[in-house]
Amino acid sequence: DNFPGNILDAVIIVVSDALYIVNIFYADSFNVNIFRLIRIMRAFRLVSRFRRLRLLFNKAFASFKAIMHVLFVLIFWHVLGALLGMQIFRCDARLPDLCQALPNGDCPDTCSLRLAPDAECVFTDDQVWENCAFDDYHSFNTFYESFVLLLFVTTGENWVSVMQTGMRQTPTIWPGLVFFIVFYIVSFYMLFNLFIGVIL
């Protein structure tokens, strides 16, 4: 009856004993104290104490295959979005090198604003719009950066700012507006909630 719980108990006991033996023979050369955090997994024993929690845990365990299918669709949607975003929004990201002062101390033409005599050179409002809207940390220049940026969009973390940046990058606002709104609606309101719905 307690099939998942028994296996969990067995794993915790075996790993704890193995770490104890390793600590006896190799105390000086190998520090296993960090692995003792595995004992925290004993808190999962509380699952068997509460009926509603046990039902939720068993349902999540039984729906693991369905969760993997929804997760695959969610990742596939992000891959498609990252590839499409690379085609629409790819540009040379604004690098800090563009604003480095010239040898004579003046600001370069591409970054000509200085707020104080000893301050760093920064972009004027017009120069910000002339250059790539994305910086070197958040851009669509590589697949990895595109994928990570779209993960932030899915969580809703400052996604409106990313959308506004994308809208600036295209000749008209419509490609960026349509891309991010469609991506956010499908990934968050449909796939993300479907992921939660499979568990519940």
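Helices are DSSP runs of H or I with at least four residues, and strands are runs of E with at least two, both numbered from the N terminus. With that convention in place, the second largest pocket can be assigned to its elements: the largest share of its lining, 3 residues, comes from α6. The model discussed here is a predicted one, and it contains 7 helices and 2 strands. Read from the N terminus on, the order of these elements is α-α-α-β-β-α-α-α-α. Of the 200 residues in the protein, 27% are buried.

Helix α3 makes a convenient starting point. It covers residues 64-89, and at 1.5 Å a residue its 26 residues should span 38 Å; the end C-alpha atoms lie 36 Å apart, which agrees. The buried residues of α3 are Ile-67, Val-70, Leu-74, His-78, Gly-81, Ala-82, Gly-85, Met-86 and Phe-89.

Burial leads naturally to the nonpolar cores. In soluble globular proteins, nonpolar side chains tend to be buried together. Here the largest nonpolar core holds 19 residues, among which Phe-134, Phe-140, Leu-150, Val-153 and Phe-180 touch the most other members. Two or more residues of this core are supplied by each of α3, α5 (143-155), α6 (159-169) and α7 (174-199). The largest share, 5 residues, belongs to α7. There is also a second, separate core of 5 residues, and Cys-99, Cys-107, Cys-111 and Cys-121 are included in it.

Aromatic side chains deserve a paragraph of their own, since a search of the whole structure finds 14 aromatic pairs. One of them joins Phe-143 and Phe-147, whose ring centres are 5.9 Å apart and whose planes meet at 35 degrees, so the pair is tilted. Both residues lie in helix α5, 4 residues apart, or about one turn of the helix. Phe-143 counts as partly exposed, because its relative accessibility is 37%. The pair of Phe-179 and Phe-183 has ring centres 6.2 Å apart and planes at 10 degrees; it is therefore stacked, the cut-off for stacking being under 30 degrees. Phe-179 and Phe-183 are also 4 residues apart, about one turn of the helix, but in α7. Phe-179 is buried at 9% relative accessibility, and Phe-183 is buried at 2%; the threshold for burial is under 20%. Both residues of this stacked pair take part in one aromatic cluster, formed by Trp-77, Phe-89, Phe-140, Phe-179, Phe-180 and Phe-183.

To return to the second largest pocket, its volume is about 160 Å³. Its lining consists of Ala-133, Phe-134, Asp-135, His-138, Leu-149, Phe-152, Glu-157, Asn-158, Ser-161, Val-162 and Thr-165. The elements that give two or more residues to this lining are α5 and α6. Sorted by class, the lining has 5 nonpolar, 4 polar and 2 charged residues. Phe-134 appears in this lining and is also one of the core residues that touch the most other members.

Asn-158, another of the lining residues, is worth a look for its backbone. This residue sits in the loop between α5 and α6 and has a positive phi of about 55 degrees, although it is not a glycine. With a relative accessible area of 51%, Asn-158 is exposed, the limit for that class being over 50%.

Definitions and conventions
Residues are numbered from 1 along each chain as its sequence is written. This is a predicted model: local features need pLDDT of at least 70, side-chain atom pairs count only at pLDDT 80 or more; totals for chains, interfaces and linings use all residues. Side-chain values use heavy atoms; hydrogens and water are left out. The expected span of a helix is 1.5 Å times one less than its number of residues. Buried means under 20% relative accessible area, exposed over 50%, partly exposed in between (1.4 Å probe, protein chains only). A nonpolar core is a set of buried Ala, Val, Leu, Ile, Met, Phe, Trp, Tyr and Cys residues joined through side-chain atoms within 4.5 Å. Rings of Phe, Tyr and Trp (its six-membered ring) pair if their centres lie within 6.5 Å; planes under 30 degrees apart count as stacked, over 60 as edge-to-face and the rest as tilted. On a 1 Å grid over the protein atoms alone, a cavity is a set of points where a 1.4 Å probe fits but cannot get out, and a pocket is an open set with protein on both sides within 12 Å along at least five of seven lines; lining residues have an atom within 4 Å of a point. Grid points are joined across faces, edges and corners, and a volume is the space filled by probe spheres set on the points. Ala, Val, Leu, Ile, Met, Phe, Trp, Tyr, Cys and Pro count as nonpolar, Asp, Glu, Lys and Arg as charged, and the others, Gly among them, as polar.
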